[in-house]
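Reader: I should like to learn how helix crossings, sheets and a ligand shell are read from a model. May we take one feature at a time?

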Amino acid sequence: MLDISLPESLDAFWMPFTANRQFKAKPRLMASAKDMHYITVDGRQVLDGTAGLWCVNAGHCRDRIVDAIHQQAATLDFSPTFQMGHPGPFALADRLAKMLPGDLDHVFFANSGSEAVDTALKIALAYHRVRGEASRTRLIGRERGYHGVGFGGVSVGGIAPNRKFFGSLLPGVDHLPHTHNLEQNAFSKGQPTWGAHLADELERIVTLHDPSTIAAVIVEPVAGSTGVLIPPVGYLEKLRSICDKYGILLIFDEVITGFGRLGKAFAVDYFGVMPDLVCVAKGITNAAVPMGAVFARSYIYDAFMHGQESAIELFHGYTYSGHPLACAAAMATLDIYEEEQLFDRAASLASYWEEAMHSLKGVPHVIDVRNLGLVAGIELESIPGQPGVRAYNALVNCFEQGLLIRTTGDIIALSPPLILEKHHIDEMVERLSHVLRSM
Ligand SMILES: Cc1ncc(COP(=O)(O)O)c(C=O)c1O
């Protein structure tokens, strides 16, 4: 058994994306987890409404993944993948390539979503250069986009507090407008019908800078961390066709949509729109070992495979790219996804989920509910002059009521493990509704 005694002090750990002083004054500490639940250090069961952080798609502490990690750690703990190799990442990349549609058939491994994003941006820039179009250096992101915390990801991201403390970031970046509009789209079920025209802003940006300067556009197919923004019908298709028109690469950041969240393996499958590069992380290993990856279409990989065979083609990589433990965890995770048909399961629960979430319409403070697959965003009216406080209070109260939710500003995001049962959905709605009514 692991020692889960409380630490003597909470002071030394500088917590990420957390109000440290507030948290440490009244901590919320998890001790263990199994399937749909966490157990707190004081022994309370908490229903996981967020799959950890959008990542534990197969539920917690799955024996098969635990065993795979254990065996791998005892067999080959580490081997470099720079000018060396071990079977793990080759087998995993091959399997992933077979899962992906079309010619998305090469995989570059990283250790997180942030690293996957920075890797994809670098591949895009280098791709144009190796093809003789070195003037294509601009990257286009989107307002309210979240692409992790590396300098590349923050530069193309569009969340002001994530950007404003960190200087001028990457030069040559521009942003599309976000697609969030409650006047037009409040309480939409599935994809909103209004907003495809917002993709036309890409035409304006391209005209402003000239296509010969633009390398890539990066978007989350469904934006998660900014508070669940579902793409309007036709929006992603438009982005694709404008990128095609001007020779611009389209990157989908599927860090949260990858591995079944929408009821298909990837958002690429769900929307039927093919990007040039795809970033994933989180659900790839069920979060048991950190891993990220970039999937590249064959012409991108092939563009690098020229010149002297002894020359390194891409000067990029991480010590832990294709780490043996992550590969083992990912293989076991994919086994579970396949055998339990969890992506189909997510699809078959999506309409029940939709109805349940929209039953929160009319509950105090709720000004919007939006959903797709097994994702929901519940937007609350802000307390005047205190943005984010109402949702944070809901988070604290839900945790006390035994439900883990995630909040961004005054938006609650729900994204449960795909193993959930209908009664878990009912419990989530009941507890959330109770908390909101009592606030
Ligand atoms: C769309 C998207 N991209 C990138 C990231 C960053 O991933 P990580 O926290 O693993 O670096 C996240 C994390 O939530 C994300 O939602």
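Reader: In this predicted model, which hand does the crossing of α3 and α13 have?

Author: Handedness describes which way the near helix is turned from the far one. Here α3 and α13 make a right-handed crossing.

Reader: At roughly what angle do the axes of α3 and α13 cross, and within what distance do they come?

Author: The angle is taken between N-to-C directions, on a scale from 0 to 180 degrees. For helix α3 (residues 63–75) and helix α13 (residues 324–339), the axes cross at roughly 155° and come within 8 Å. Since angles over 145 degrees count as roughly antiparallel, α3 and α13 are therefore roughly antiparallel to each other.

Reader: Which residues of α3 and α13 meet?

Author: On the α3 side they are Arg64, Ile65, Ala68, Ile69, Gln72 and Ala73; these meet Pro324, Leu325, Ala328, Ala329, Met331, Ala332, Thr333, Asp335 and Ile336 of α13. Sorted by class, this contact of α3 with α13 comprises 11 nonpolar, two polar and two charged residues.

Reader: How does helix α4 pack on α13, and at what angle?

Author: Helix α4 (residues 87–99) packs against α13 at an angle of about 35°, and their axes are 9 Å apart. The crossing of α4 with α13 is left-handed. From α4, the residues Gly88, Pro89, Leu92 and Arg95 meet Pro324, Cys327, Ala328, Ala330, Met331 and Leu334 in α13. The class division for this contact of α4 with α13 is eight nonpolar, one polar and one charged. Pro324, Ala328 and Met331 of α13 appear in the contact with α3 and also in the contact with α4.

Reader: Turning to the sheet, what is the order of its strands?

Author: A sheet is read by following which strand pairs with which. The order here is β11-β12-β15-β14, an open sheet of four strands with antiparallel pairing. β11 (366–372) and β14 (406–408) each have a single partner strand and stand at the edges, so one side of each is left without a neighbour in the sheet. From one strand to the next, the twist averages 20°.

Reader: How many bridges join β12 to β15?

Author: Strand β12 (residues 375–380) and strand β15 (residues 411–414) run antiparallel and are joined by four bridges. As one instance, glycine 377 has alanine 413 in β15 as its bridge partner.

Reader: Which strands do helices α14 and α15 lie across?

Author: Helix α14 (residues 342–358) lies across β11 and β12, and its direction is at about 175° to β11. Helix α15 (residues 389–400) lies across β12, β14 and β15, at about 170° to β14.

Reader: How are α14 and α16 oriented, parallel or antiparallel?

Author: The axes of α14 and helix α16 (residues 422–437) cross at roughly 15° and come within 10 Å. That angle makes α14 roughly parallel to α16. The crossing of α14 with α16 is right-handed. In the contact, Tyr352, Trp353 and Ala356 of α14 meet Lys422, Ile425, Asp426 and Val429 of α16. By class, the contact of α14 with α16 contains five nonpolar, no polar and two charged residues.

Reader: Finally, which residues come nearest to the ligand?

Author: A ligand shell is read through its members, their classes and the elements that supply them. Of the 14 residues around the ligand, the nearest are Ser112, Gly113, Ser114, Gly148 and Val255. The shell has seven polar, five nonpolar and two charged residues. Helix α5 (residues 113–130) supplies its largest share, three residues.

Note on methods
Residues numbered from 1 in each chain as written. Predicted model: local features only at pLDDT ≥ 70, side-chain atom pairs only at ≥ 80, totals over all residues. Near = placed C-beta within 6 Å. Helix = DSSP H or I, 4+ residues; strand = E, 2+ residues; numbered from the N terminus. Nonpolar A, V, L, I, M, F, W, Y, C, P; charged D, E, K, R; others polar. Parallel < 35°, antiparallel > 145°, perpendicular 65-115°, else oblique. Contact = placed C-beta atoms within 7 Å. Pairing = 2+ DSSP bridges.
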